[in-house]
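Work through the exercises below with the sequence and the model side by side. Try each task before reading its solution.

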Amino acid sequence: MNRNERAASKALLCLAFGALVGCGGGGGSTPASPPPVPAVKPLVGRVIDGYVRGATVWLDLNGNRVRDTGEPSAVSQQAGAYQLELSAGDRACLPYATLYVDVPVDAVDEDSGPVSAAYQMAVAPRLQALSVDQLMNISPLTTAIWAQVEGRLSTTQPGLGSCQTLRQNQSLREGLSLEIRSVMQELVQRHNLSEQRIHADFIQTQDRAAYLIAQDIVKGLKAGFAHRQLLKARHPDASFLRAEVWYGQAGHHNTEGWLRSSQVWLPGDRYLQELVGLSEDLSQIRNVYHLREESISPWGQGRYTLRKWGTQHWDTTRAAAYCSFEEIVTVKTSQGVEYSLANTAAAVDAAEPSECLGRAPNGLEAPLARSYRVAFLDGHISRVSHDARFSLSPEATSSGPLAGWLNLKDKAATLDLAHLVEHLAPLDYRVEAPVVGEERFIYWHKRKTDDSAALRVQTDRYVGEWTRESTRADQTRLKECSRDGVNWVACS
């Protein structure tokens, strides 16, 4: 595949909406005989890279990404066709469960022959009913979107839970639905592939562009699957982990090539993240772009978060990498407003990013910067969230009523979170509200995300500038700018 074809597939994400709900009807009977059990139609579709036979299709009812005893499964046959027998309970769960396919070594790709490296593909939960006759194709295209959706959500809620959890938790369903919609919109706009083409049998329709994109994706899927198995062996106590490999750009100089991102959630509220560049054959690490370690612990009535980063240096005349450290204390009030204070230390040079994670954080007793965050999710107005952030100068950090809030890890007993709330409460999270004490801040940003209607509207306000991005019915986006939040024009 040439560079142009790779560029077309860069950052492609996968999602095929798989959800069918319904039952076939039963017939009449004489009073002396019990009525016949209504028929439940099997789920049918194809496994497509080329057409793949000998792969196991299964429905992940409990959301653990493992094929467990009792979960329905079927093996794909000629032309990748599968028929998944479902009970009435399985079909009721179908809108809320991910459909996976495990492609083992020696399965047969009817385009290229026996599969030499195992990999996995998927179709995302649909979260609403489809026709019982709907075909559910599983391909690299559907997989790429689901991987991106899962990755976005897992930064805050690793593991999306079982079918029953999604059925009973409206907030979780709404969050998943919003991410699916957002990723699909990005795919349609960025790669000029309609939803219909993403879900279609691109071999049958002879869609050459979709086919080429799929071939590049599947190379990454195989490498990602292998690395995930390695992570499982390395971190057997992990509560959740993921690995993704794709062709794209990374680093301060936008270096183009194969990238691998991995994330691991460990006991004790620890989180690890890695972004590396790989060789063309995906066997060697070429560059380590970014490493991150995060830990969360109780802090009085709130929580304490420590973040460590190791990042490739943008300045080639300096050391190869630099380390960053940040500490955050957060408290949520009974009214549902969340207040945070963050101290960020000055960056420290390092020979390589991995050095940073082993270092004790330094510089937090005299941080380079401090920021405040005020956030609120309005549960009474469906899915309207507010997020406001305010950055102070080093001079402002060293004075004022919160001057002693430094090096915070062991100070929960001596510092009062009520004092933090009292100080930050005048900072109104609403986009239209003025910023109290604006002269203290070198930068501030407010955002309101309104998902109360069918189409999202996101409004941002910066220092002296407003922007509003509205999703249209055709999934394109209208971006408008304003100086006062009242009079809006298309952004230039």
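**Exercise 1.** Find the partner of C323 in its disulfide, and characterize the link.

*Solution.*
Step 1. C323 is joined to C356, with an S to S distance of 2.0 Å. A disulfide here is a pair of cysteine sulfur atoms within 2.5 Å.
Step 2. The torsion about the S-S bond is -75°, and the link of C323 and C356 is left-handed.
Step 3. C323 sits in strand β15 (residues 321-332) and C356 in helix α8 (residues 354-358), so the link ties together parts 33 residues apart in sequence. Helices (H or I, at least four residues) and strands (E, at least two) are DSSP runs, numbered from the N terminus.
Step 4. C323 and C356 are both buried. Buried means under 20% relative accessible area, exposed over 50%, and partly exposed in between (1.4 Å probe, protein chains only).

Two notes on the model apply throughout. It is predicted: local features need pLDDT of at least 70, side-chain atom pairs count only at pLDDT 80 or more, and totals for chains, interfaces and linings use all residues. Residues are numbered from 1 along each chain as its sequence is written, and side-chain values use heavy atoms, with hydrogens and water left out.

**Exercise 2.** State how many disulfides the structure holds, and describe the one that contains C93.

*Solution.*
Step 1. The structure holds three disulfides.
Step 2. C93 bonds to C163, S to S 1.9 Å.
Step 3. The S-S torsion of C93 and C163 is about -85°, so this disulfide is left-handed.
Step 4. The pair links distant parts of the chain: C93 belongs to helix α2 (residues 88-93) and C163 to helix α4 (residues 163-168), 70 residues apart.
Step 5. C93 is buried, at 8% relative accessible area. C163 is buried too, at 1%.

**Exercise 3.** Is the link of C481 and C491 left-handed or right-handed? Add its setting and the pattern of the disulfides.

*Solution.*
Step 1. C481 and C491 are joined with an S to S distance of 1.9 Å.
Step 2. The S-S torsion of C481 and C491 is 105°, and the link is right-handed.
Step 3. C481 lies in strand β23 (residues 477-482) and C491 in the segment after β24 (489-490), so the pair ties together parts ten residues apart in sequence.
Step 4. C481 is partly exposed, at 21% relative accessibility. C491 is also partly exposed, at 24%.
Step 5. Count the bonded cysteines along the chain: the pattern is 1-2, 3-4, 5-6.

**Exercise 4.** Locate the salt-bridge partners of E338, D349 and E480.

*Solution.*
Step 1. Apply the criterion: a side-chain nitrogen of Lys or Arg within 4 Å of a carboxyl oxygen of Asp or Glu. The structure holds 21 salt bridges.
Step 2. E338 pairs with R303, the closest N and O atoms being 3.6 Å apart. E338 is in strand β16 (residues 338-344) and R303 in strand β14 (residues 302-312), so the bridge ties together parts 35 residues apart in sequence. E338 is buried at 16% relative accessible area, whereas R303 is partly exposed at 34%.
Step 3. D349 meets R318 at 3.1 Å, N to O. This pair links distant parts of the chain: D349 in strand β17 (residues 348-350) and R318 in the loop between β14 and β15, 31 residues apart.
Step 4. E480 pairs with R468, the closest N and O atoms being 2.9 Å apart. E480 lies in strand β23 and R468 in strand β22, so parts twelve residues apart in sequence are tied together.
Step 5. Shared partners join R303, E338, R373, D387 and R389 into one network of salt bridges.

**Exercise 5.** Describe strand β10 and trace how A243 relates to S262 and Q273.

*Solution.*
Step 1. β10 covers residues 240-250, and nine of its eleven residues are buried.
Step 2. β10 pairs with strand β11 (residues 255-266) in the antiparallel sense, over eleven bridges. Two strands pair if DSSP finds at least two bridges between them.
Step 3. A243 has S262 of β11 as its bridge partner.
Step 4. Q273 is in strand β12 (residues 270-278). Its C-alpha atom is 9.8 Å from that of A243, 30 residues apart along the chain.
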